[in-house]
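Q: Could you pick one part of this chain and take a close look at it with me? Start from a single residue and work outwards, please, and keep it informal.

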Amino acid sequence: HIYHAGNFADCFKHIILSRIITYFQNKEKAFRIVDVHSGPGLYELKSQEAEKTGEWQDGIGKLLSHKFSKQTTELLTPYFNVIYSLNEKADIQKGRLNIYPGSPQLAKTLMRKQDRLSLNELETNAYEDLKKNFEDDFQIKITNLNAWHVIKSALPPKEKRGILLVDPAFEQKGDFFRMVRAAKDSCERFS
């Protein structure tokens with residue numbers, strides 16, 4: 001996770017997630033976000049691993065320094081506000097970023113008090129970090145299970161409104177096909 005934190009693909013995914021969460025908030029009714037490949041939830045961009053690849057510089061680094069139109073800025077505001085809340089404004093203005101939010105932190109920051117978040121991570125170290133970062137929050141449920149099983153057990157959520165985030169590392173043969181199969185199954189379980 002850390003090697004790719006804040007890269008262009010992460011930014012793309014997180015911008016879309018922030019827009020979906022914002023859209024769901026148009027109704028007062030609660031919803032649940034289910035993230036089945038959560039990672040640790042927060043990324044230290046000054047870590048040895050993140051600096052080794054430096055991928056964040058071509059992702060969030062470029063986005064933060066770019067001048068967008070007013071309309072685009074409005075669309076990006078929820079996403080950028082989460083990043084600003086985790087970093088010093090002076091550092092960002094100098095092109096330095098210390099913390100990048102993973103999907104769990106992004107979702108948690110954007111959620112309302114009635115919303116819930118289910119996080120799952122199978123990899124042991126990332127799971128332990130995820131627990132440290134979020135275990136004391138009553139809105140969040142954390143599991144350490146096979147993601148493909150979590151999808152089946154989490155849908156439909158009791159809130160009857162939900163967002164399912166599936167982002168495997170694609171390191172295991174067949175992950176793409178498992179993802180397609182899970183999407184089809186999820187649509188049947190939770191139309």
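A: Let's start at Pro-156, which sits in the loop between helix H8 (147-154) and E6. Keep in mind that this is a predicted model. The peptide bond running from Leu-155 into Pro-156 is cis, with omega near -5°. Stay in that stretch and you'll meet Lys-160, also in the loop between H8 and E6. Its phi is near 65°, a positive value for a residue that isn't glycine. As for solvent, Lys-160 counts as exposed because its relative accessibility is 53%, and the cut-off for exposed is over 50%.

Follow the chain out of this loop and you reach strand E6 (162-165). Where does E6 go in the sheet? Four strands make an open sheet in the order E5-E4-E1-E6, with parallel pairing. E6 is an edge strand, as is strand E5 (140-143), and each of these two pairs on one side only. From one strand to the next, the twist averages 10°. Further into the sheet, strand E1 (residues 32-35) runs parallel to strand E4 (residues 116-120), and four bridges join them. If you want a spot to click on, try Asp-35, which stands opposite Leu-119 in E4.

A helix lies against this sheet as well: H6 packs on it and touches E1, E4, E5 and E6, with its direction at about 170° to that of E4. One residue worth a look in helix H6 (residues 103-110) is Gln-105. Is Gln-105 buried or exposed? Gln-105 counts as buried because its relative accessible area is 12%, and buried means under 20%. Setting aside neighbours within four places in sequence, Gln-105 is in contact with Gly-41, Leu-42, Val-82, Leu-86 and Phe-134.

Now back to E6, and keep going along the chain. Between E6 and helix H9 (175-189) comes a loop that holds Asp-167. The Asp-167 side chain meets that of Lys-13 in a salt bridge, at 2.5 Å from N to O. Lys-13 is in helix H1, so this pair ties together parts that are 154 residues apart in sequence. Asp-10 joins in too: Asp-10, Lys-13 and Asp-167 are linked in a network of salt bridges. At 29% relative accessibility, Asp-167 is partly exposed. As a reminder of the chemistry, side chains of opposite charge can pair when their charged atoms come close.

There are 10 salt bridges in the structure, and a couple of others make a nice contrast. Asp-129 and Lys-132 meet through their side chains at 3.4 Å, N to O. Both are in helix H7 (residues 124-134), three residues apart, which is about one turn of the helix. Lys-132 is exposed at 64% relative accessibility, while Asp-129 is partly exposed at 32%. Over in helix H9, Arg-189 and Asp-185 are four residues apart, again about one turn of the helix. Their side chains form a salt bridge at 3.1 Å, N to O. Both ends count as partly exposed, Arg-189 with 36% relative accessibility and Asp-185 with 22%.

The Lys-13 link brought us to H1, and that helix has its own partner. Helix H1 (residues 8-24) packs with helix H4 (residues 70-86) at an angle of about 95°, the axes being 9 Å apart. That angle makes H1 roughly perpendicular to H4. Which residues do the touching? From H1 come Cys-11, His-14, Ile-15, Ser-18, Arg-19 and Thr-22, and they meet Glu-74, Leu-75, Leu-76, Pro-78 and Tyr-79 in H4. By type, the residues of this contact split into six nonpolar, three polar and two charged.

One last stop is just along the chain from that contact. His-66 is in the loop between helix H3 (60-65) and H4. It is partly exposed, with a relative accessible area of 47%. From the C-alpha of His-66 to that of Leu-76, 10 residues apart along the chain, the separation is 12 Å. Leu-76, remember, is one of the H4 residues in the contact with H1.

Conventions. Residues numbered from 1 in each chain as written. Predicted model: local features only at pLDDT ≥ 70, side-chain atom pairs only at ≥ 80, totals over all residues. Heavy atoms only, no water. Axes fitted to C-alpha atoms, helices over the stretch in contact; angles between N-to-C directions. Parallel < 35°, antiparallel > 145°, perpendicular 65-115°, else oblique. Contact = heavy atoms within 4.5 Å. Nonpolar A, V, L, I, M, F, W, Y, C, P; charged D, E, K, R; others polar. Buried < 20%, exposed > 50% of the residue type's maximum accessible area, 1.4 Å probe, protein only. Salt bridge = Lys/Arg side-chain N within 4 Å of Asp/Glu carboxyl O. Pairing = 2+ DSSP bridges.
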